[in-house]
Structures are given as structure tokens and as C-alpha cells.
Amino acid sequence: MRLLSLPILGAVFYLTAKLAALRDDHHQRTIRGLFAAAGSGFIALLIWFEVPELWQPLAFIAFAVLLSEAARAIKYYSITIHSHALSGLAVFTALTANKFAPQTWHTIPLHALAAIPVVAGAYWLAKRLGTENERHLSLARVAYTWVAAGLVVWILEEALRAPWIAVGWIIFAVALSLSTRWIRYQQLAWQANVVGLCALFRAYFYNYDLEQKFWGPISLRIFTISLVAAGLYFLSRKAAPEERFARVTAFFHSFAATGLLALLAWYEYPNGWLAPLWAAFALVLAIVDQRFELEELPWQSHILAGLTLLRSISVNLYVTATWHGISVRLLSLAIVAVIFYALSRLIRMPDEWRRLDIHHVYSWAASAIGGLLLWYELQPLSIAVGWAVFGLVLFEYGVLRKITQFRYQAYVAFVAAFTRIFFANLTAGEPGEFWGPRMYTILPLVLIFFFVYAQLPQKGKEEDTGRDRRWHFDLLLAYLGTASIVALFYFQFPIEWVITSWAAVVFALLGAALLLDRPIFLHQGLLLTVAVLGRGMAHNLFGAGYFGEGDWQGRYFVLSSAAAILLASLFFAFRLRGRFSLPQNASPWTRRLAMIASRPEQIVFFVPIILVTFMLALKMKSGMITVAWGAEGVLIFLLALAVKERSFRLTGLGVLLLCVGKVLALDFWGLQTRDRWITLISLGAALMFVSFLYTRYRDTIRQYL
Amino acid sequence: MKRSLVFVVFFLILGFALAGLYWSQRQPKSTPVSANAILNMAADAQRDLSRIPMHFTRLSDEQEIAIGKQLAARYATQTRKLTPEEEALEKYVTRVGNTVALHAHRRLPYTFTVLPDHNMINAFSLPGGPIYIGGGMLDLMMSEDELANVLGHELEHIDHYHCAERVQVEAKLKNLNLGVLGALLQIPIELWETGYHKDEEFEADREGMHLAVQSGYSPYGAVDTFERFAKLCDEYVIHAQSPNQEISELAIQSLSGYFRSHPLPSERLAQARRIIAEEHWEDRKTQKPFRVEYEVHNGEYVK
């Protein structure tokens, strides 16, 4: 009955409405509208009561499309409003149809399929809505396309299996963005963005927990999230509704995709391999950016690299696992370091930043990781050598490629290696062992320091390494080398022999200053000479035991040998006199020091003389001191004549006068008879010898004095 | 430098360094990481610098003996009464000590006291003559020669003015007038139980061995003692396995007093062996047993 009556009633009302249209006045129009609405209502009731639930969405939307087309055809646009109501019913019935007893076609629920015509109808209506009012048409288009997009999202959510929903959505978002390009309708681009966002959230909240395998070693998580990320990357370039939103869209989607993939790596490789994976990802982004110049990618590389660095320091350094017998820490951090070096070269930066060497943050990070890796992987004793070798390689690469920052990193490595020897190497080895770990771990450092120093240019030669010289890295290296060898000798030799070994270093330094024509070695030699004096006085003389130890093998031989070596150094010291020019525009203190350095023979002469004089005073029996001083005075005087140096001659005479003074003030009154005779005879002989020399070479000596 | 020459030298140095790296990696014994090198150098410098004024402000023997008596009186109040067994042990230690002291350079009233603490693996001396040895140290002794060498070592700290100089340094640092009664109370008594400077320890070892040998004891008593110390030290030092452990070990070892002031037992052992070789004492291997004589009455030790 209903099947017959409702269409008849509907048709009657439509007919009435048509008839009412013959008199086009205000009241008729109202009545006509009511009749038309009644007709649509009766048909809608017919659909509601007679059409099966799953077909109702199709029926309603078809009716809505029919009315819209009719409105266009008969130019009666009021019934377009009925289309909107019917579309709403279509959407409602689509969303609610068969909710509690879902039937499926294959795996797809039928109610989802039933909604597809609604989507088609909505797009149809958006395209061909029967109205003349532009504003109405515009709003209706926005509403229909958004409803259609929403329905598609819902259909996909209902139709697809849970892991694939995000994929379905991102594909739809991509389709929307492509459609935008074809039909130039911006609302679709906005919808693409929103759907892409939905896909992002869905992937984030659901897909990371997927553990099942998809194909071979590839898990469902990897596959689905990678697809979502790929879609987001696509959207980043194609989903901008307007030009002014292009940058924001690109940054948003691209960052979202990169974030998804970075997080995916975290889930898939939560152990030592995550850091290299992130680093590799950062590198890929940098390479892609180099090729396509995508503004946001370098930033993503920076963030990923920062995370990689944090991860490397906080996790990878402590990883103890092995991979095929090789330490995962070693492999993973080595990969990270190599990638960081590559990033420092490849990553795109503004030219101004490049000029400031900001990109070398990466090479510094890489070198820091390399240094830490050596610290963790090597034995405590080997770490200093490891760092020095690492620094050497960095330096040579820096010189070869003219990269200043690599050289600076090398200097830091050298300082670290030098510092390290004080915590492990100097106290290593067995006592009494000559060629032990102390020697073979510190000597290479010394060689490396001096080798690198030798490659830095001298004054006036402006090369790429000239900047290093301006920062005084050459001085630093020369001092590191000498300090290393001085420290090595301090621990290597028996404690009283340290000054002898240092005196030998003075000899070598002065020789090096002369042969290589480098004043730094002269300065070091003089400083070390003063150190020999300090140590000799404090340790070997006043620090010695109170009893005995004055024998030939003990303090005499030690101090005498040190003094002899220093005196032998006079050979170089005289040749270095005045060789290096005084610095201009220097501070008064610097000038004073330079003045002292310009007369090295004075220090090299007076230090051993002071040492020997005190040694004789402190270590000889009281009666023999004067004799020894007398002999010393004569020898000094002879030396002075040989080298024709006035200050030396005066020193010799001064020592002899000291003898005379001592004899007169002390010895003569307190000595035993034998010692008194020996003293007087020796002193007399010495004075006669000097007197003889003075008489014979009076003119010459006068000239000297 | 010419590039070709640079490359040749570079590879030579690199090869040498890598060889050093290889050898050090193959070291069977892990090297402990510590600040000992710096501490040793600082202690050396401090000791050397303080030694110069000591030469000019030395205490007289009488002053030193008086100071030693004051300090010993403070110790006497802190230790418990000895059991008859411990008294017998002290008597034995005194006999050995007096034998060794006969050959000291300075004639001072040397006294020998046993501290009845079995956790105390230490011996120390005070200025002017008092020498103390811990029960723990005596428990380690296997021969009388070991005891003689230990006592000789402590005796030489007094004989060579190490104790007296310590008083002088402390008095200077704390601005004390040693002539004033009670001034010594401001010097913590534990100060004497810590070791001396490395150089002074070596000197005491060296001279102590000479005293022991002159008194008829074997120098191998010192060797045995140092071997035992070396074993204990090796157990004490923790070999760090990572930089983190290294840093924490560094802090601990820098704070701990013992290894900062004492040379390592391995170094002392090496010196002892070197002296034996230099003095041709290789044939003096026979050692006297560590034998304390007691009287027992009714199952109890008596004097």
C-alpha cells in the first residue's frame, strides 16, 4: 500500500507545484515550495520505508542528484535545497547502515561499499549543483567535497584492515593533492593536508606496534610506515593550497615524514645500530638536498645528526655486544664518524656560514666520536698513542686538503695525548726496565709532535698553515714535544740522574736551534738549563741524604756529568749568540727575555759553574773545598781564555778570590795540619799559575779584562 | 719540507707509532690509570723545595729527642695494655731493633713498641727514636730478617732526619713554636703513620737494608717483604675497564693517601734487588726464623 500511495502522493504534490508555478506571485511561490517539499518528503519516506537499509544511501543520493539535475533542467532552484537534505540523509544512512550486523563482501563490509555511491553523488553535486547563486554554489561545493573526503576516510577506515588504514588514507591524500593540480580546486589541497595529518596520527598511534612480518625480513611496520612517509614527502611538495602556504606545507609534511622514519628506525633497531642508521639517514637527506635544493632537508639533517651524536655518546659508547666477533661499538661509531665527516663536506649551508666554518661542527663531532672511541676501545696505555696517531692523520689530511679545522682538531688530539701520558704512560712499565711501555708509547708522541711542528711554516712564509702559526700552534707543538721528552726522562731514569738526562736534552735542543735555525729550541734549551739548575740545587745537592753518597758513582758523577754536558753545549751556545733578531714592538719584559736569549752562552756557562761550585762546597770534606774551588777557578780561567769570553774570565778569577777569602777567613784557623798544608800549597800553586799567565800574556789579558 | 720527504717521514713515524700501539695493546698486564705521575712530581718538587731551608734550620738531637718523647706520650695514652704474649713479642722486636740500631749513624735512644692491632699492616717512627710496628705487619712476617729490614727502614727515617724534617715542616706550616709546651698537640698524630716522600722511602729502604746486613741479617728479608706488599698492592689497585671507571678511579686514587706518598712496592722491590746485585749480597740468602720465646704457666703466657 505504502509502495503505491507514497509515489502517487509525491507525484501529485510535484504536479501541484508545477501547476502553481503558472501563477508566479509571492504567495504562489510559497505554496509551490511547500508542495515541492511535500513531494520530496513523500519520496524520501518511500525510500526510508521501502528501500533495504544497505541501498538507502544509494537511493537517497541518487534522488538528491536527480532533484539537483531537475532543478537545473527546469530552472527551479528551490528544490536544490531538497538535494542538500537528501544528501544529508544519504550520509546519515551510509554511516549508520547495517551497523550492528555487518555483512561483508570478501573482507569489505557491505555498509562501506554502500557509502561509495554517496561519495560519488557528493562529488557530482559539488560539480553540478543546480543553483544560480554563486555563493550558495561555492559553499555547497566546499561542504560536498569535505563530506565526500570525510566519507572516503570513513570508508577506508571501515573497509581496510587496521595496519593498512594509514596507508589507505595517505594514498587518498595523495590522490586529493593530484586532483588539486588537475582541477585547480584548492579545497582538495586542504583536504589532502588534513587527510595526510590523519594518516600521520594513525601511523604514529597504531602502526609502530605492528610486529608481524610482511615480506621476508621486512616487517609490516616498516612497509606501512615507509609508505605513509613516502606519501607525506609527496604531499610536502604537492599539497600546498596556495603559494604562500607552500613553505609551511613543505616543512610540515617533510618533517613529519622524516620524524616517522627516524622513529621507525628506533623501533626496528633499538640497539647499537640506531645511531649509524640515523646518521646514514641524515646523509641521505643531505645528498637529496644537494641534488634538489629542498630547504627543509638540511635542517632535518642537522636534527638527525644531533640526535645521532646524543645517541652515540649516551648509548653506543657503552655497547658491549659484538657482530661477527667485531665490537658493535667500534663498527657503529666508526660509521657515525665517517658519515659526520661526509656531512661536514656535503651538507648545504648558507655561504656566510661556510665562510665561518660552521659546517665543521660535523667534523669536530666526528673527531670527538673518534677520540672517544679510541678511549673506549684501546688499552689505557695505548690511548695516548692512539690519539696522537689520530691527530697526525687529521693534520696531514688538513694540510693536504687545506682544511684549517682538521688541523685544529689535530692540535686538540695532540694536547689530549700529551695530557694522557701523565695519567697512564709515565708510570707504566716495570722498574729498571729501559725499553718498556713507557718508552715505546711516549717516543712516538715526541716524534709526531716535532714532525707536525716541522711542517708548520716559518715566519714570513705565508701558506695555508700560516693561520696556525698566528695562533702559536707551532710553539705549542714544539713545547709539547720537548715537555714529553723531559717528562719521559724524569720517570725513565733513576731520580738523581734526571738532571743529567735533562742536560743532554739541553745539548740536543741547542744543537737543533743551530741546525734548524729555529729560536724556539734555543728558548726551550735555556728554560731547561734553568730547570737543571733548580733541580740540581734542590734535589741533587740540598735534597740529598745527610750521610755519605759523596762517592764517585753517586752525586759527584751525576752532577759532574750534567755540568760537563752543559759546558759542551757552549759549542752551540756561542754560535747562537745574537743569531735571532730581537722582537720589535714587544713589551719590556719580552725584550728583556729576548736580550737574555741573545746571549745563551752566559746561562749555559753559569748554570754548571754554580752547580759544581755548590757541589764542591756541600759534598767535599771541609778541608778539601778550597782546593777544589781553586782547581775549578783555574779551569774556568783556562776555559775563558780558550773561548775569549770576558765574563767567564771574571768568574774564574772570582772563584779564585773566593778561595783566597775562604782560606784567610776560615781554613787557616780551623784545619788539621795536613789539610792546612795541602790547602796552602794548592792555593799558592794556583795563584802562581795565574800570575804566570798574567805576566806572560799581560797585554792580552788586559785586553780581555 | 718537500712533499715526498714529508710522506716518507710521515709513514715512518706512523709505522713506529703503530708498532708502539701494537705492543702496548699486547701488554699482558693492564696499566692502572691514576694521577700518580703528577702527584709524584708535585710531591718531589714540594719535598725538594722544603729541604733547602731544612739544611739551615735543623733541630738539635736534644730537641728532636724531646719532641719524640712528647709524641710518644700521646701514643701511649691511645694504646691498650699488652697481653703477656704481646709483651713477649715486643721484647723480641726490641732485641732485633737494638741489634740493627747499633749501626745507625746517629746515637739516639731508639725504642721499639708493638701496637696490638692486627689490622694495622704498617710500621712508623717518631723523631728522636720511638719506633712502632703494627700487629698486622708482624703477622705477615715469616722471618727475623724481614723484621730486621722493616725496623732498619723505620730507624733510617729517624737517622736521616726524615721525622725531624716533618716536624719542622709542620711547625712552619702551622706556625708553631716548638719550644712552647703543648705546641706539638696541634700536629695530628696520624701524620706519622702515613708514609714519607718517595725519595725518602727509597733512602730508608736502601739504608735500612745496609743496617740489616751490617747486623748480620739477610737482605732477602726486604725482598720477601716487598714481594708480599706487591701482591697486596696488586689486589688493592682496581684496573679500570672503561673511561668512566678510569675517571672515578682517578678521583679515588688521587684522594687516597697511601700510594700518593709511598713508592710502588714493585719499585721498592726493584731497588732492593739492584742493591743486592751491586753489593754482591746474592749469597746471603739464609734467613733466621721468626721465633718469639714465651713462658707458659697453667696454660697462659707469661713474661
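**Cores, chains and selected residues of the predicted model**

In the largest nonpolar core, which holds 106 residues, the members that touch the most others are A:Tyr411, A:Phe414 and A:Ile448. Apart from this core lies another of 65 residues, including B:Met54, B:Phe229, B:Leu269 and B:Ile276. The structure described here is a predicted model. In soluble globular proteins, nonpolar side chains tend to be buried together.

The surroundings of A:Ile448 involve both chains. With residues up to four places away in sequence left out, A:Ile448 touches A:Ala388, A:Val389, A:Leu392 and A:Phe414 in chain A, together with B:Ile13 and B:Ala17 in chain B. One of these partners, A:Phe414, is itself named among the core members that touch the most others.

A:Ala388 also appears among the contacts of A:Ala417. The latter residue belongs to helix α17 of chain A, which covers residues 404-421. Its relative accessible area is 0%, so A:Ala417 is classed as buried, the cut-off being under 20%. When neighbours within four places in sequence are set aside, A:Ala417 is in contact with A:Ala384, A:Trp387, A:Ala388 and A:Leu445. For one of these partners, A:Trp387, the separation along the chain is 30 residues, while the C-alpha atoms of A:Trp387 and A:Ala417 are 5.5 Å apart.

Leading into helix α17 is a loop that starts after helix α16 (383-400), and A:Lys402 is located in this loop of chain A. A:Lys402 is not a glycine, yet its phi is positive, at about 55°. Most residues other than glycine have a negative phi. The relative accessible area of A:Lys402 is 56%, and the residue is therefore exposed, for which the cut-off is over 50%. A second residue of this kind is A:His324, a residue other than glycine with a positive phi near 55°. A:His324 is placed in the loop that connects strands β5 (322-323) and β6 (326-327) of chain A. With 67% relative accessibility, A:His324 likewise counts as exposed.

Chain A as a whole contains 30 helices and six strands. Its radius of gyration is 48 Å, whereas the globule rule gives 27 Å for 705 residues; the value for chain A is well over that figure, so the chain is more spread out than a compact globule. Along the principal axes, the C-alpha atoms of chain A fill a box of roughly 160 × 50 × 40 Å. Of the 705 residues in chain A, 49% are buried. Contacts in chain A between residues at least 6 apart in sequence join residues at least 24 apart in 68% of cases. The exposed area of chain A is about 34,000 Å², of which 68% is supplied by carbon and sulfur atoms. Its charged side chains comprise 59 positive and 40 negative ones, and a distance of 6 Å separates the centres of the two sets.

Two leucines in helices of chain A illustrate differing degrees of exposure. A:Leu176 is part of helix α7 of chain A, residues 162-183. Its relative accessible area of 4% places A:Leu176 in the buried class. Beyond neighbours within four places in sequence, A:Leu176 is in contact with A:Tyr123, A:Leu188, A:Gln191, A:Ala192 and A:Val195. From A:Leu176 to A:Gln187, 11 residues away in sequence, the C-alpha distance is 9.4 Å. A:Leu45, by contrast, is partly exposed at a relative accessible area of 38%. This leucine is situated in helix α2, which spans residues 26-50 of chain A. The C-alpha atoms of A:Leu45 and A:Pro7 are separated by 9.5 Å, with their positions 38 residues apart along the chain counted as their separation.

Chain B has 12 helices and five strands. Buried residues account for 51% of its 303 residues. Of the contacts in chain B with a sequence separation of 6 or more, 75% involve residues 24 or more positions apart. Chain B exposes about 15,000 Å², and the share of carbon and sulfur atoms in this area is 58%.

Within chain B, B:Glu165 occupies a position in helix α7, residues 162-173. Its relative accessibility is 5%, so B:Glu165 counts as buried. Leaving out residues up to four places away in sequence, B:Glu165 touches B:Arg51, B:Met54 and B:Glu200 in chain B, as well as A:Tyr546 in chain A. Among these partners, B:Met54 is a member of the core of 65 residues.

Technical notes: Residues are numbered from 1 along each chain as its sequence is written. Chains are lettered from A and ligands numbered from 1 in the order in which they are written. This is a predicted model: local features need pLDDT of at least 70, side-chain atom pairs count only at pLDDT 80 or more; totals for chains, interfaces and linings use all residues. Side-chain values use heavy atoms; hydrogens and water are left out. Helices (H or I, at least four residues) and strands (E, at least two) are DSSP runs, numbered from the N terminus. The radius of gyration is taken over C-alpha atoms; the globule rule is 2.2 Å times the number of residues to the power 0.38. Buried means under 20% relative accessible area, exposed over 50%, partly exposed in between (1.4 Å probe, protein chains only). Contact means heavy atoms within 4.5 Å. Accessible areas come from the Shrake-Rupley method with a 1.4 Å probe; for residues, only the protein chains shown count as cover. Lys and Arg count as positive and Asp and Glu as negative; His and the chain ends are not counted. The place of a charge is taken as NZ of Lys, CZ of Arg, CG of Asp or CD of Glu. A nonpolar core is a set of buried Ala, Val, Leu, Ile, Met, Phe, Trp, Tyr and Cys residues joined through side-chain atoms within 4.5 Å.
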